[in-house]
Each structure stands twice: as C-alpha cells, then as structure tokens.
Amino acid sequence: MTDSNLPPAGRDSLTDDLRWRGLIQDSTDPDELRALLDGPGATAFYVGFDPTAPSLHVGHLMQVTTARRLQLAGHRPLLLVGGATGQIGDPKESAERTLNPPEVVAGWVRRIRDQLAPFVSYTGEAAARLVNNLEWTAEMSVVEFLRDVGKHFPVNRMLAREVVRARLESGISFTEFSYQLLQAHDFFELHRRYGCQLQFGGSDQWGNITAGVDYVRRRGLGPVQAFTTPLVTKSDGSKFGKTEGGAIWLDPEMTSPYAFYQFWINVDDRDVGRYLRYFSFRSRAELEALEKETAERPASRAAQRALAEELTTLVHGEREMAQVVAASQALFGRGSLEDLSPVTLRAALTEAGLVRLGEFPEVAALFKESGLVPSMKEARRVIAEGGAYVNNNRVTEADAVMAPDDLLHGRYLVLRRGKRSFAGVELDG
C-alpha cells in the first residue's frame with residue numbers, strides 16, 4: 001500500500017475501527033480493503049437486502065449500521081433491494097424456500113426501500129443510492145443469462161458451497177442453485193453502472209460474495225473487494241432477534257417502538273458490550289467506559305439503556321424514543337401515565353400482558369384476572385398490605401369498582417403489584 005493510500009493526517013483509520021468493533025470477519029485482500037476504506041477517495045460500496053418479508057428485522061441492523069458507518073467516513077452506499085433475487089431466495093440448509101408471488105415481492109421492495117431511507121443520507125458528496133436488481137435482471141432472456149453469466153461459473157465450485165452440499169441429499173432446485181449467479185451479476189452491474197468497488201454482507205454470504213468478486217474479474221473488470229461481518233449471536237445459544245412473540249421487526253406496526261426498546265434493554269450482560277461495538281456510533285472511549293460499568297455495577301444496566309436509547313432513536317426517531325422512555329418510567333410510578341399516547345400505552349401494556357374485559361369487576365378481581373396474583377385471597381392480601389396500585393394510585397379497598405373517569409384514554413387501567421410487576425386491563429366495547 002503506497003503512502004497515497006494511507007489515511008489523511010489526524011484521521012482515525014476506518015479499517016482499524018471496524019476491526020476493533022469486530023465488524024470484519026473475512027476479506028478478499030486485507031491490504032486492498034484498507035486502501036479502499038482508509039484512502040483519500042470515496043469508495044462506492046454495496047450491501048443487499050432481499051424482500052422475503054414485509055419488513056427488515058434486527059438481524060439486518062448489522063448491515064444497515066455498517067453501511068451508515070462507512071458513509072459517515074465518506075464512502076458512497078448503494079443499498080440494493082432484491083426485487084429479482086427476492087423472487088428466488090438464497091438456499092436454506094433446511095428446505096426449499098416458498099416462492100412468493102411477484103406482486104407481493106414488489107410490495108415488500110417498496111416497504112423495505114422506505115425503511116432503509118432514514119439510515120443514510122441521500123445528499124452530499126457521499127450521497128446514497130437505492131437500487132433494485134430487477135432493473136437489469138428482468139430485461140435478460142434465459143439464453144442471455146446462460147450465455148453471458150452462466151458460462152463464468154464452474155459447477156464444481158458451486159457444488160462446494162456449504163449450503164448446497166447440505167441440500168444435495170434432500171434435493172435442491174435449479175432455481176435456488178442459480179441464486180449465486182444472480183447475486184454475482186449484481187456486483188458486476190453495480191461496478192459497471194456506478195463504479196462499485198466493494199461489497200459486504202453477513203458471513204453466511206461469503207460464498208456468494210467471493211463468487212461475485214471472481215465473476216467481475218472474469219468479465220474483464222475490476223479489481224473489486226469484499227468483506228463479511230460476523231453473524232450476530234447470543235451467549236445463551238438462543239437466536240438473536242427472536243423473542244417469545246417472534247422476530248423483532250423494524251416496522252413499528254409489526255414490532256412497536258416500546259417492544260423494540262424492551263428487546264435491547266433486556267440484553268444479557270454477556271452480550272451487551274459486543275452489541276454496543278456492533279451497533280453503536282459512540283466513541284471507543286465511551287464504549288469501553290460502559291463495558292467497565294457493566295462489569296463493576298451490572299445492576300445499573302447503563303450499557304443496556306445506552307444501547308436501547310440509541311437504537312430506538314435511530315430506527316424510530318427521537319419523538320418515539322421520548323415516548324418509550326416516558327412509558328418505561330410512568331408504568332413504574334416515576335412519571336405521568338396521562339402523558340402517554342394511546343398507541344404507546346397500549347404497546348407497553350401488550351408487552352406486559354393486556355387483559356380485555358367487557359366490564360370492570362371489583363379491584364381484587366381485576367388483579368386476579370390480570371394474572372398479577374393467583375387468587376382472590378392473594379389479591380385481598382396484597383391490597384390490605386398496601387402493595388396494589390391502579391394507574392399508579394395505591395388502592396386500599398378490595399371491593400371497590402373503578403369508575404369511567406378512572407380509565408386512561410377512555411379504555412385502559414394500569415395495574416401494579418409492588419414496585420416492578422404490572423399489567424394492563426382494556427375495557428372491550
């Protein structure tokens with residue numbers, strides 16, 4: 001690497017920062033990658049997202065935040081939404097994918113393009129561009145595809161791919177087998193059209209990504225480079241981005257901002273330092289201080305709060321973030337429930353456990369129906385001992401019945417037992 005490829009004086013090395021954060025698992029050529037990332041010029045790079053669902057989920061945040069990180073360092077993002085590859089599907093080790101109708105995929109493309117928009121800037125010298133691989137794939141005939149693309153792919157190399165080997169006995173269709181060709185062709189077209197020199201993706205995409213690097217070379221262009229980010233895991237062995245309620249989506253209609261915040265605030269101490277390095281844009285000194293505080297005072301959960309607040313703001317905006325924090329405080333008696341919007345309040349109560357009733361019985365029965373206590377006897381005992389609250393007000397009469405004026409937004413009650421156990425009741429109808 002020549003001196004002209006070195007970072008300008010006073011500028012931190014992007015490559016070193018990515019490596020410190022653990023964001024580079026594999027790369028095609030470490031020296032050339034450093035030249036692209038740390039050199040004085042702007043590098044056009046791409047990362048792809050296939051529309052296999054109506055929303056991105058937290059598993060995609062690794063790629064989204066890494067793209068943002070590269071753009072903040074001066075590089076130009078090409079965010080590819082796979083209108084073509086999304087109709088095919090990258091092979092899974094378990095079984096053949098269910099193919100979604102083209103019109104469904106097209107709708108998901110539009111939704112995901114909108115979701116990606118807040119993460120990068122579309123103005124300035126490093127302006128991002130959203131691209132759809134259907135633009136150059138749809139116009140190709142089968143003969144053109146086989147002649148111009150297929151001839152550059154040795155079948156023995158394609159068969160060596162781990163996921164393909166895993167499927168050979170159970171069977172793999174030519175449709176999924178050809179996915180690698182489509183993704184590789186994307187790199188070629190982005191290089192030809194926009195001067196793209198770099199691709200990155202998850203480590204499970206390494207075979208597809210290196211096939212694209214080789215394909216660009218075989219077509220007489222390049223050189224181009226690539227790297228992969230590690231797959232995000234949990235220390236306890238469970239799948240990242242999953243809860244009892246399912247996947248954690250970026251779409252607020254599929255996962256509420258409150259539930260999104262709660263996912264991060266409940267991250268295990270063993271994982272939070274690693275997740276902060278992956279996803280946070282705080283400095284190295286700040287992150288190391290949070291890691292130290294987690295080790296010395298884990299009960300403070302300072303690292304989890306920092307992670308939850310930063311990512312909720314990034315994904316859902318400052319206004320929703322403020323509502324989420326207000327809800328978290330108000331539900332435990334440290335703020336006003338009346339100030340919460342109906343949407344935020346309902347989302348929070350749904351996460352805690354929301355019971356719908358046609359009419360409100362006496363207070364003791366409310367606590368039993370909500371699941372906060374196992375029996376009427378226990379409900380009466382908790383109330384008598386002063387540990388029962390409705391809308392953050394202590395209740396002292398087990399037989400009292402709440403009035404319509406007690407309802408929040410005309411339909412909700414917040415029940416709390418002691419300091420930390422709460423549930424919601426909704427008047428149905």
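**Exercise 1. Find how far apart the mean positions of the positive and negative charges lie in this predicted model, then describe the chain as a whole.**

Step 1. Start with the charges: the protein chain carries 50 positive and 57 negative ones. Their mean positions are 2 Å apart.

Step 2. Next, take the extent of the chain. Along the principal axes, the C-alpha atoms fill a box of roughly 80 × 50 × 40 Å.

Step 3. Turn to the surface and the interior. The accessible surface is about 20,300 Å², and carbon and sulfur atoms account for 49% of it. Of the 429 residues, 50% count as buried.

Step 4. Finish with the fold elements and contacts. There are 19 helices and 13 strands in the protein chain. If you take contacts between residues at least 6 apart in sequence, 74% of them join residues at least 24 apart.

**Exercise 2. Work out whether L36 is buried or exposed, and list what L36 touches.**

Step 1. Locate the residue: L36 belongs to helix α2, which spans residues 30-38.

Step 2. Compare its relative accessible area with the cut-off. The value for L36 is 14%, and buried means under 20%, so L36 is buried.

Step 3. Look for its contacts, leaving out residues up to four places away in sequence. L36 then touches G41, T43, H75, Q197, L198 and Q225.

Step 4. For a sense of distance, pick G386. This residue is 350 residues from L36 in sequence, and the two C-alpha atoms are 65 Å apart in space.

**Exercise 3. Trace the open sheet of 6 strands and examine how β2 and β3 pair.**

Step 1. Write down the strand order: β1-β6-β5-β2-β3-β4, with mixed pairing.

Step 2. Identify the edges. These are β1 (26-27) and β4 (129-132); each has a single partner strand, so one side of each is left without a neighbour in the sheet.

Step 3. Zoom in on β2 (residues 44-49) and β3 (residues 76-81). The two strands run parallel and are joined by 6 bridges. On this ladder V47 has L79 as its bridge partner, while F49 is partnered by V81.

Step 4. Check the cover of β2: 5 of its 6 residues are buried, and the strand is mostly covered.

**Exercise 4. Do the same for the open sheet of 5 strands, and follow β12 to its partners.**

Step 1. The order here is β9-β13-β12-β10-β11, again with mixed pairing. The edge strands, β9 (354-357) and β11 (393-394), each pair on one side only.

Step 2. Take the β10 side of β12. Strand β10 (residues 388-390) pairs with β12 (residues 412-417) in the antiparallel sense over 3 bridges. Here A388 stands opposite R417, and V390 stands opposite L415.

Step 3. Now take the β13 side. β12 and β13 are also antiparallel, with 6 bridges between them; Y412 stands opposite E426, for example. The two strands form a hairpin with 3 residues between them, and G418 in the turn has a positive phi of about 70°.

Step 4. Ask how enclosed β12 is. Since 5 of its 6 residues are buried, β12 is largely enclosed by the rest of the structure.

Step 5. Add the helix that packs here. Helix α17 (residues 342-352) lies across β9, β12 and β13 (421-427), and runs at about 120° to β13.

Notes:
Residues numbered from 1 in each chain as written. Predicted model: local features only at pLDDT ≥ 70, side-chain atom pairs only at ≥ 80, totals over all residues. Heavy atoms only, no water. Pairing = 2+ DSSP bridges. Helix = DSSP H or I, 4+ residues; strand = E, 2+ residues; numbered from the N terminus. Contact = heavy atoms within 4.5 Å. Axes fitted to C-alpha atoms, helices over the stretch in contact; angles between N-to-C directions. Buried < 20%, exposed > 50% of the residue type's maximum accessible area, 1.4 Å probe, protein only. Areas by Shrake-Rupley, 256 points an atom, 1.4 Å probe, with all protein chains shown as cover. Lys, Arg positive; Asp, Glu negative; His and termini not counted. Charge placed at Lys NZ, Arg CZ, Asp CG, Glu CD.
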